[in-house]
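Open the model in your viewer and keep the selection tool ready. The stops below follow one another through the fold.

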Amino acid sequence: MFNLSHPKLVTLAEAEGYAEVANFLEDHTLGSVVPAICVASDCDHTADLEPDQRAGFCEACGRASMKSGLVFAGLI
Ligand SMILES: [Zn+2]
């Protein structure tokens with residue numbers, strides 16, 4: 001099930017310069033690395049990671065909490 005309204009996904013799309021989550025996904029769905037964002041509530045660190053990343057290391061808060069935008073959207 002797609003979820004384009006998750007707050008972290010919206011934040012990630014905005015950080016990448018997209019007003020619409022759908023446009024962000026359109027540009028990154030086929031990427032070999034895609035924008036990811038930290039899921040911690042007190043951290044909005046972003047980085048380019050593997051499309052299926054669900055627990056990447058966050059360089060900002062030190063937790064294994066980086067999740068790719070495609071995972072957030074339910075595309076993977
Ligand atoms: Zn973090």
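**Stop 1: a lysine in the first helix**

Select Lys-8: its relative accessible area is 10%, so Lys-8 counts as buried. Keep in mind that this is a predicted model.

Now add Asp-44. The side chains of Lys-8 and Asp-44 meet in a salt bridge, 2.6 Å from N to O. This contact links distant parts of the chain: Lys-8 belongs to helix H1 (residues 7-15), Asp-44 to the loop between S1 and S2, and 36 residues separate them. Asp-44 is partly exposed, at 45% relative accessibility.

**Stop 2: the other salt bridge**

How many salt bridges does the count come to? The count is two. For the next one, select Arg-63 and Asp-42. Their closest N and O atoms lie 2.9 Å apart. Arg-63 sits in the loop between S3 and S4, Asp-42 in the loop between S1 and S2, with the two positions 21 residues apart in numbering. Colour by accessibility here. Arg-63 is partly exposed at 39%, whereas Asp-42 is exposed at 63%.

**Stop 3: the zinc site**

Select the zinc ion. Which atoms coordinate the zinc ion? They are the SG atoms of Cys-38, Cys-43, Cys-58 and Cys-61, at 2.3 Å. Turn the view around the metal: the angles among the four donor atoms run from 104 to 118 degrees, and the site is tetrahedral. Along the sequence, the donors follow the spacing C-x4-C-x14-C-x2-C.

Pick out Cys-43 and Cys-58, which join distant parts of the chain. Cys-43 is in the loop between strand S1 (34-38) and strand S2 (46-49). Cys-58 is in the loop between strand S3 (56-57) and strand S4 (64-68), 15 residues away. Buried or exposed, what is Cys-43? Cys-43 is buried, at 8% relative accessibility. Cys-58 is buried too, with a relative accessible area of 0%.

**Stop 4: the strands**

Switch to cartoon and select S1 and S4. They pair antiparallel over three bridges. Stay with Cys-38, the zinc donor: its bridge partner in S4 is Met-66.

Next, add S3. S3 and S4 also run antiparallel, joined by two bridges. Phe-57 stands opposite Ala-64 in S4.

**Stop 5: the hairpin turn**

Follow the chain from S3 to S4. The two strands form a hairpin with six residues between them. Finish on Gly-62: this turn residue has a positive phi of about 80 degrees.

Note on methods. Residues are numbered from 1 along each chain as its sequence is written. This is a predicted model: local features need pLDDT of at least 70, side-chain atom pairs count only at pLDDT 80 or more; totals for chains, interfaces and linings use all residues. Side-chain values use heavy atoms; hydrogens and water are left out. Donors are N, O and S atoms within 2.8 Å of the metal (3.2 Å for Na, K and Ca); water is not among the atoms, so sites may look incomplete. Four donors count as tetrahedral if all angles lie between 85 and 135 degrees; four count as square planar and six as octahedral if opposite donors are over 155 degrees apart and all others between 65 and 115; anything else is irregular. Helices (H or I, at least four residues) and strands (E, at least two) are DSSP runs, numbered from the N terminus. Buried means under 20% relative accessible area, exposed over 50%, partly exposed in between (1.4 Å probe, protein chains only). Two strands pair if DSSP finds at least two bridges between them. A salt bridge is a side-chain nitrogen of Lys or Arg within 4 Å of a carboxyl oxygen of Asp or Glu.
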